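Please open the structure in a viewer and keep the selection panel at hand. The tour below proceeds one selection at a time.

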Amino acid sequence: MATVSMTVNGQAVSGEVEGRTLLVQFLRENLNLTGTHVGCDTSQCGACVVHVNGDSMKSCTMLALQADGAEVTTIEGLAQGGEMHPMQQAFQDNHGLQCGFCTPGMVMSAIDLVAKNPNPDEATIREQLEGNICRCTGYHNIVKAVQQAAKATGG
Amino acid sequence: MVENGIGASLKRKEDNRFLTGKGNYTDDINRPGQTYAYIVRSPHAHATINSVDISAAKSAPGVVAVFVGQDLLDDAVGGLVCGASVTGKGGEVNKVPPRNVLTMDKARFVGDPIAVVIAETLAQAKDGAELVAIDYTELPSTVSTANSDADGAPQLHEECPNNVALDWELGDKAAVDAAFASAAKTAEVELVNNRMVTNAMEPRAAVGEYNSGTDDLTLYVTSQNPHVHRLVMSAFMNIAPEHKFRVVAPDVGGGFGSKIFTYNEEAICAWAAKRINRPVKWTSDRSEGFMSDAHGRDHVTKAEMAMDADGKFTGMRVTSKGNMGAYLQLFSVSIPTLFHGFLLAGQYTTPAIYLEMRCVMTNTAPVDAARGAGRPEATYLLERLVDVAAGEMGLDPAEIRRRNFIKADQMPYQTPVVQCYDSGDYHASLDMALKNADYDGFGARQAEAKGRGKLRGIGLSSYIEACGVAPSAAVGSLGVGVGLWESAQVRFNPTGGVTVFTGTHSHGQGHETAFAQLVTERLGVPVENVEVVHGDTDKGQFGMGTYGSRSLPVGGVAIANACDKIIAKGKKIAAHCLEAAEDDIEFGEGNFTVAGTDKVMNIAEVAFTAYVPHNYPEGVEPGLDEIAFFDPLNFSFPAGAHVCEVEVDPDTGTLEIVKYTAVDDFGTLVNPMIVAGQVHGGLAHGIGQALLENCVYDEDTGQLVSGSFQDYCMPRADNLPSFDVDYCPTVPIHNPLGVKGCGEAGAIAAPPAVINAIVNALGIKHLDMPATPEVVWRAAQAAS
Ligand code: FES
Ligand code: FES
């Protein structure tokens, strides 16, 4: 066991983990932040995406110890003062989610996408979301949501 | 007009929790003192189990218990059940080979569960599992749908000689033979309906918890139908009596059929929680899911059509085999038979149809209902065959369809394959789809693409499905072992809020919103004052769950009927309070009014009066809380016309869906936004099957080749277009709400539309799904 410390959603946290503990396990099991999901075991689905030092990251693909000292944001950390983040709001407005399981990872990826491509066209959005699998929505409304959020955040 | 009632694209009530990470999925649930289960599975497709040595595992660090099949038998826990008994040729009912929760004699597919290790942590359970020593004698295996019934094929079960679980036929063979004998032209196609892994994004999971003080058992589980889970585990598996057993299906991350069934691991968590008197949790890895979730489709088929000189269909013959996997799961043989055969008339007047379906056992995971379940297979073979027939006749695919459509004024229409359609206008939906797709302009687009070295193709799919599952007497007579009614409870709270309990289950379909809209429409209560509750056998009365696009057509009607009972009782209370005759009370938009007067009482006041009955009509019970059960009179028959246009690069085999146009008849839409979302998702599922998805077992070793998202290609955002979705509704005579169901349509309609478009682009007769770049490239090379 080793001690790991990081900042998660603005709060300093630390915990005891095994060397093999993944960041997603640390978030879900140690911190009870169960909004970040696990949908696969091959780093394909993106249900686990969080932000690590501002970049979207598959938290199943990183050891907790690798995130030592990092700034981590999860889906639970997006809404501010009871107001959803514009991306969250856009997903609701456009019915960009059904079962909600892929949603946290999808929203976290989409925020990073828009941050890096403030004015994405449909093809860019589709290509950039290639690492996030959704079985429910057929992506149509997710694409619309990302377009709305990009506009709303001044892209 | 009631605000936010039927027809409003209201934003979903459930979204807030999902968008803020506050969803409550089974794997999010942790109980005090919880242990973790890990399943030891067969690495072999087929092997005799000589011995299982658990001694080393038992003493591994953190291991609490290790169990094998005998331990469950010692506690009189029954095996997994098959709920279908379908009568085949010669009056023979399908065989049901027994299946222990943990297999003891033989392993019959890669992933067959043999032992469970339960430990303080998941890591310790996995480490312990490494120490379970199983001595196998490997046996030859068979995974082929086409050949597992061949002489000399390895045999899975004594009960199923030649690996045949059922030989089934449907229709008038003599009439079909006569039609072929006198046909002016015939058409024929041989095709494979590729095997799919359902892959809801949330892996299956279960947490069992036992209270020794009260002898109550609770199971949290990824289920589309918690009451059915409880029923199966009580009635057939003897895990706990229903009244001492609570099954909770909390937020569930997609189902698509795969979470209907009661699985080994779920039974283990429930049983073992009592056995070790501690909570037991199991969560599937995706790899385990690939191995152990029920798969879908997997037919090999020959289909033939007889026609007269005008291209009118006079007879259809289908010879098919369906792969059932290693064991018969809950619906199993009913899918390739009843749910498949009864749809073979499609939208056409074909007077004689004959189907022979052989259900074969193979060394693969069980195959059962998956989004569409039998209806995609029927639609695919039929809509492919119709295009081949058009080619034989030299007719435009739209024209041959029009010549054979059942006309709107022929409804209700009795098909030769059991189903009686109650509504639909197939000419109208096709016309609308062709217009929306600019079918007339296709030639110009094709010519323009050709100038760029690309091949454009356009494909149609005129589909029908039978859903709103299902009239109990009808399915009972066919061998399905349950009633498929639905129930609802509508409870006014004294302060005017309404709690609605439904026996259906939402795992993405948005029931919390759509059902609230239904109640708002019916009772005039603001939608924010209506809460829909599902997924907990301790809260809801009873229910059969969600599958077969049944939630609104069956469950919604139960809710509406419970609302009507509320209104009927409310009229008595209002009449008393307003000093009028009950017959003079009218109800609308939330108000009870004495007809022709301005005397009025709001339903919230009536509810309060019902709970504080100081001034109350004699003989009326206090309270305002009503239950209704609804058993549908018929299936519902959503239908429509889809048009897919593709552009193929013949040099690389890559293709783009340049336009996908859907026109569907779902009857009345309660929430059009949600309906469109259901269509989009179904289309992605169907396009995934057509272009990308394929579950492959190695023919020699029986190993699962496509066992992860790296090997099994799920549709990603960049594989799909945006969709053009429109509606062409007709009124179903059997459904009191005028609704038909929409959750499966896309998955049913899309595969033939896509393949017809590719075949059209390449100028060939047929190619099999999935049309990967390699498949398309080879076909393009062969054709050029
Ligand atoms: S859990 Fe699937 S990519 Fe991380
Ligand atoms: S909303 Fe269900 S997987 Fe995306």
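## First stop: two helices of chain B

In this predicted model, begin by selecting residues 375–393 of chain B, helix α10. At 1.5 Å a residue, its 19 residues should span 27 Å, and the end C-alpha atoms are 26 Å apart, which agrees. Colour the helix by accessibility: 17 of the 19 residues of α10(B) are buried, so the helix is mostly covered. Extend the selection to G394(B), which follows α10(B) and has a positive phi, near 70 degrees.

Next, select residues 745–762 of chain B, helix α19. The 18 residues of α19(B) reach 27 Å from the first C-alpha to the last, close to the 26 Å expected at 1.5 Å a residue. Because 17 of its 18 residues are buried, α19(B) is largely enclosed by the rest of the structure. Just after α19(B) comes G763(B), with a positive phi of about 65 degrees.

## Second stop: the two chains as wholes

Select chain A. Its secondary structure comprises 5 helices and 5 strands, in the sequence order β-β-α-β-β-β-α-α-α-α. Along the principal axes, the C-alpha atoms of chain A fill a box of roughly 45 × 35 × 25 Å. A compact globule of 155 residues would have a radius of gyration near 15 Å, and chain A has 15 Å, which agrees. Of the 155 residues of chain A, 57% count as buried. Among contacts in chain A with a separation of 6 or more, residues 24 or more positions apart account for 57%.

Now select chain B, which has 20 helices and 30 strands. Its C-alpha trace spans about 85 × 75 × 55 Å along the principal axes. For 784 residues, a compact globule would have a radius of gyration near 28 Å; the value for chain B is 27 Å, which agrees. In chain B, 64% of the 784 residues count as buried. Residues 24 or more positions apart supply 80% of the contacts in chain B with a separation of 6 or more.

## Third stop: the largest pocket

Which residues are closest to the centre of the largest pocket? The volume of this pocket is about 1100 Å³. To find its centre, select Q25(A), E29(A), L122(B), A123(B) and K126(B), the closest of the 37 residues that line the pocket. The elements giving two or more residues to this lining are β2 (11–17) and α1 (23–30) of chain A, together with β1 (35–41), α4 (122–129) and β13 (280–283) of chain B. By class, the lining of the largest pocket divides into 13 nonpolar, 11 polar and 13 charged residues.

## Fourth stop: the largest cavity

Turn to the enclosed spaces, where the count comes to 11 cavities of 30 Å³ or more. About 660 Å³ of space lies in the largest cavity. Select Q509(B), T546(B), S549(B), Q678(B) and G743(B), which lie nearest its centre among the 44 lining residues. Helices α15 (511–523), α16 (551–577) and α18 (672–691) of chain B each supply at least two residues of the lining of the largest cavity. That lining has 22 nonpolar, 17 polar and 5 charged residues.

## Fifth stop: a buried alanine

Select A488(B), placed in strand β21 (residues 486–492) of chain B. Is A488(B) buried or exposed? Its relative accessible area is 0%, so A488(B) is buried, the cut-off being under 20%. Beyond residues up to four places away in sequence, A488(B) touches F501(B), Q541(B), A558(B), I559(B), A562(B), E626(B), I627(B) and A628(B). Measure out the distance to H534(B), 46 residues apart along the chain from A488(B): their C-alpha atoms are separated by 9.9 Å.

## Last stop: backbone exceptions

Most residues other than glycine have a negative phi, and most peptide bonds are trans. The following selections depart from that pattern.

- M411(B) and P412(B): the peptide bond between them is cis, with omega near -5 degrees. P412(B) lies in the loop between α11 (397–404) and β18 (413–414).
- M769(B) and P770(B): a cis peptide bond joins them, with omega about -10 degrees. P770(B) is in the loop between α19 and α20 (773–783).
- N163(B): phi is positive, near 65 degrees. This residue is in the loop between β6 (133–138) and β7 (164–171), and counts as buried at 0% relative accessibility.
- E579(B): phi is positive, near 55 degrees. This residue lies in the loop between α16 and β24 (585–588) and is exposed, with a relative accessible area of 70%.

Definitions and conventions
Residues numbered from 1 in each chain as written. Chains lettered and ligands numbered in written order. Predicted model: local features only at pLDDT ≥ 70, side-chain atom pairs only at ≥ 80, totals over all residues. Heavy atoms only, no water. Helix = DSSP H or I, 4+ residues; strand = E, 2+ residues; numbered from the N terminus. Expected span 1.5 Å × (residues − 1). Buried < 20%, exposed > 50% of the residue type's maximum accessible area, 1.4 Å probe, protein only. 1 Å grid on protein atoms, 1.4 Å probe; cavity = no way out; pocket = protein on both sides within 12 Å on 5 of 7 lines; lining within 4 Å. Points joined across faces, edges and corners; volume = space filled by probe spheres on them. Nonpolar A, V, L, I, M, F, W, Y, C, P; charged D, E, K, R; others polar. Rg over C-alpha atoms; globule rule 2.2 N^0.38 Å. Contact = heavy atoms within 4.5 Å.
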